[in-house]
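Here is a short note on the packing in this model. Please read it with the structure open.

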Amino acid sequence: MKRFQNQVAVITGAGSGIGKATAIQLADEGATVVLVGRTKEKLEAVAEIVSERSDNQHAYVYVADVTAEEEVELLAAYLKDNFEVVHVLINNAGTSSSGSILQLEEWDWEYVQKTNVTSVFLMAKHVGPLLADAKAENKAIVNIASLSGHKAGAKIPHYSTAKAAVIHLTKALAGELASNGVRVNSVSPGFIETPMTKESLENASFNQAIELHTLLKRIGRAEEVAKAVAFLASSDSSYVTGTDLLIDGGWLTV
């Protein structure tokens, strides 16, 4: 099914994890994908995968730090100059670290806020208008939030706060952009196997706790999140905006 045929999708944090899986998913469904991130080698590796799975070159690499406004402005200019229209924006850039709020350094707090929340704000501010001005039927922004935005996780107060902010920023953006025909939603993954969670998931007791507290009794896969993101980014969810979709295997219901 080619739900994104002749559409351009921009994905931040596209070099690994959920961003990588989402880029591949959208490209498989026909999208031309613009892969944005800070590490050129990772982005190029994803672009190569996309090219191998497609008859045509559908992936473009753009190196940028989306927490820096001047770099996001340059990205927006690049998109405007090189593509007729942008249909889909996936704000996936994110990071986390562990620490008690009584021990966190201010720089660590600020870094997590900038990477997870400020990046969404800046992309919406500078790339959002390209979607708003587009003459297209399907126009969507999907922000990657987290289960931690609903239920604060242990020793990640800065990350939990940031992801809660992403959920509320999503709702605010949905209200602002609705008149332009742009739908804005978010997804909140639970415990997903990605490079960011690799170290934690190597702990046997941590895995056992996940199985105990998750209805589906397992850790999620990035590809499962990507499929949900694709639904919200596609015209299949044409009457959905301002919503956060939990992808947590039933964690919050236990």
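1. Start with Val10. Beyond its neighbours within four places in sequence, Val10 is in contact (heavy atoms within 4.5 Å) with Val34, Val36, Leu79, Val86, Val88, Leu89, Ile90 and Met123.

2. Basis of the note. This is a predicted model, where local features need pLDDT of at least 70, side-chain atom pairs count only at pLDDT 80 or more, and totals for chains, interfaces and linings use all residues. Residues are numbered from 1 along each chain as its sequence is written, and side-chain values use heavy atoms, with hydrogens and water left out.

3. The largest nonpolar core (buried Ala, Val, Leu, Ile, Met, Phe, Trp, Tyr and Cys residues joined through side-chain atoms within 4.5 Å) has 38 residues. Val10, Val34, Val36, Leu79, Met123 and Val127 touch the most other members. Elements giving two or more residues include β1 (8-12), β2 (32-37) and α3 (69-82). The most come from α6, with seven residues. Another core, of 33 residues, lies apart from it; Ala31, Leu35, Ala226 and Ile247 are among them.

4. Now the helix pair. The axes of α4 and α6 (lines fitted to C-alpha atoms over the stretch in contact, with angles from 0 to 180 degrees between N-to-C directions) come within 9 Å and cross at roughly 15 degrees. The two helices are therefore roughly parallel (under 35 degrees) to each other.

5. Which residues does Thr22 contact? Thr22 sits in helix α1 (residues 17-28). At 1% relative accessibility, Thr22 counts as buried (under 20% relative accessible area, 1.4 Å probe, protein chains only). Leaving aside neighbours within four places in sequence, Thr22 contacts Ile90, Ala226 and Val229.

Terms used: Helices (H or I, at least four residues) and strands (E, at least two) are DSSP runs, numbered from the N terminus. Buried means under 20% relative accessible area, exposed over 50%, partly exposed in between (1.4 Å probe, protein chains only). Angles under 35 degrees count as roughly parallel, over 145 as roughly antiparallel, 65 to 115 as roughly perpendicular and the rest as oblique.
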